[in-house]
Amino acid sequence: MTAPDSTRSTAGTTAPDAGDRPVGTAASLGRTILERTGTVVVGAHAPLRLALAAVLAGGHVLFEDLPGLGKTLAAKTLAQALGLDFRRLQFTPDLLPSDVTGSSIFNPVTREFEFRPGPVFAGLFLADEINRTSPKTQSALLEAMAEAQVSAEGTTMPLQRPFHVFATSNPIEFEGTYPLPEAQLDRFLVRLRFGYPGPGGEQDIIARRITRRQDETRVESVTTADGLLHLQAVVESVGVDADVIDYAVRLTAATRTHPAVEVGASPRGSQALVLLGRALAVLDGRPFVLPEDLKEGAVAVLAHRLTLTPSSWAQGIATEAVVREVLAEVPTPPTVPRG
């Protein structure tokens, strides 16, 4: 595999002429965003990097982990660093679609009904504990995630750009929860987990809280909504070699034939692998994608798209373990230095 240069045609398309300079600037901004976010969300560099890459790739992020590990804090802090308008909605079993999308309210002055936009009309919308609401309300959010629009009272309204959904989910609580439909899980570019911090990280969290003298945290914005659109345009300019595309397809196809899997990842999974790989390449300052970029994001991209067989589920096999097995079995394309 040869790393694409600024004029090389890849996979039937023309690679960008943006060159390394915009990519270098984007990488520098990305490092600053991660550094500022890391001052609040301690010991979570890897998942924060993948979350930022998902945003740069234009996708949505699902944080699934135990309570108290900083899921909501990470979403709020990333929104601040990215300069996005942030709205949060706590999902509950009695939540209605109109609570997400908005509804019309009668104005006695004009004697007309006026539409009041819901919290989904934001640059970054946080659906907190998304699995606690009913499928009817989740379907309203699904339209926003898939089409960047909402339908309310017979009218379709576009959402602002950029628009991203961050959602949190607790994997151990089952009372009063609704499993996310596979179609909605498939719309999240990545599913991320923080895990418990190490002893040093946990001490750092406590020390920083004592130093702040308050629960509230805030970081300065590194960019703006328009700046994020520019960063996303830089990611879209990154060329992808045909060997890397083939590698993504082979990884995804291998999940469909794994003995522990009943339903493997769809073509949207292989596309998500490549899209996230381009964003990771930009964060590393490269205008081309390496197989290692796909490997870095494979578990986050593919694991939540797999449906295990009943026997595998009963044995406690994790979808993450299946993806790691696939990574170990599928041959990696060789990387040939340019020239």
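Me: A residue counts as exposed when its relative accessible area is over 50%, as buried when under 20%, and as partly exposed in between. What makes R111 count as exposed?

Reply: The model is predicted, and in it R111 has a relative accessibility of 65%. That value is over 50%, so R111 is exposed. R111 is found in the loop between β5 and β6.

Me: What is the phi of R111, and is the value positive or negative?

Reply: Phi of R111 is near 55°, which is positive, and the residue is not a glycine. R111 sits in the turn of a hairpin formed by β5 and β6, with 4 residues between the two strands.

Me: Why are β5 and β6 said to pair?

Reply: Pairing requires at least two bridges, and strand β5 (residues 102–107) has 6 with strand β6 (residues 112–117), so the two strands pair. The sense of the pairing is antiparallel. One of the bridges can be named: S104 has F115 as its partner in β6.

Me: Where does R213 lie, and why is R213 called exposed?

Reply: R213 belongs to the loop between α7 and α8 (225–236). Its relative accessibility is 74%, which is over 50%, so R213 counts as exposed. R213 is not a glycine, yet its phi is positive, at about 65°.

Me: Why is the pair of F115 and F121 called edge-to-face?

Reply: The ring centres of F115 and F121 are 6.3 Å apart, within the 6.5 Å limit for a pair; the planes meet at 70°, which is over 60, so the arrangement is edge-to-face. F115 is partly exposed because its 26% lies between 20% and 50%. F121, at 16%, is under 20% and therefore buried.

Me: Why is the pair of F91 and F125 called tilted?

Reply: The centres of F91 and F125 are 6.4 Å apart, which is within 6.5 Å, and the 50° between their planes is neither under 30 nor over 60, so the pair is tilted. F91 lies in the loop between β4 (86–90) and α4 (97–101), and F125 in strand β7 (residues 124–128); the pair thus links parts of the chain 34 residues apart. F91 is buried because its relative accessibility is 0%. F125 is buried because its relative accessibility is also 0%.

Me: How many aromatic pairs are there by this rule?

Reply: The count is 5 aromatic pairs. Ring pairs also link F63, F166 and F194 into a cluster.

Me: What makes the contact of E64 with R193 a salt bridge?

Reply: The N to O distance between the side chains of E64 and R193 is 2.4 Å, which is within 4 Å, so the contact is a salt bridge. E64 lies in strand β3 and R193 in the loop between β11 and α7 (199–212), so this salt bridge ties together parts 129 residues apart in sequence. E64 is buried because its relative accessibility of 14% is under 20%. R193, by contrast, is partly exposed because its value is 39%.

Me: How do we know that E64 forms a salt bridge with R191?

Reply: The closest N and O atoms of E64 and R191 are 3.6 Å apart, and this is within 4 Å, so the criterion is met. Both residues are buried. The pair joins strand β3 (residues 61–64) to strand β11 (residues 190–192), across 127 residues.

Me: Which residues are in contact with E320, leaving aside its neighbours within four places in sequence?

Reply: E320 is in contact with R191, R193, V299 and A303. E320 is found in helix α13 (residues 319–329). Its relative accessible area of 13% is under 20%, so E320 is buried.

Me: What makes R286 and D293 a salt bridge?

Reply: Their closest N and O atoms are 2.8 Å apart, which is within 4 Å, so R286 and D293 form a salt bridge. Both residues are buried. R286 and D293 belong to a network of salt bridges that also includes R49, D284 and E296. R286 further lies over the face of F288, at 5.9 Å from the ring centre.

Me: What is the average pLDDT of the chain, and where does pLDDT stay under 50?

Reply: The average is 86, and 91% of the residues score at least 70. Over residues 1–19, pLDDT stays under 50. Where pLDDT is low, the predicted coordinates should not be read in detail.

Note on methods: Residues numbered from 1 in each chain as written. Predicted model: local features only at pLDDT ≥ 70, side-chain atom pairs only at ≥ 80, totals over all residues. Heavy atoms only, no water. pLDDT = per-residue confidence, 0-100. Contact = heavy atoms within 4.5 Å. Phe/Tyr/Trp six-rings, centres within 6.5 Å; stacked < 30°, edge-to-face > 60°. Buried < 20%, exposed > 50% of the residue type's maximum accessible area, 1.4 Å probe, protein only. Lys NZ or Arg CZ within 6 Å of the ring centre and 35° of its normal.
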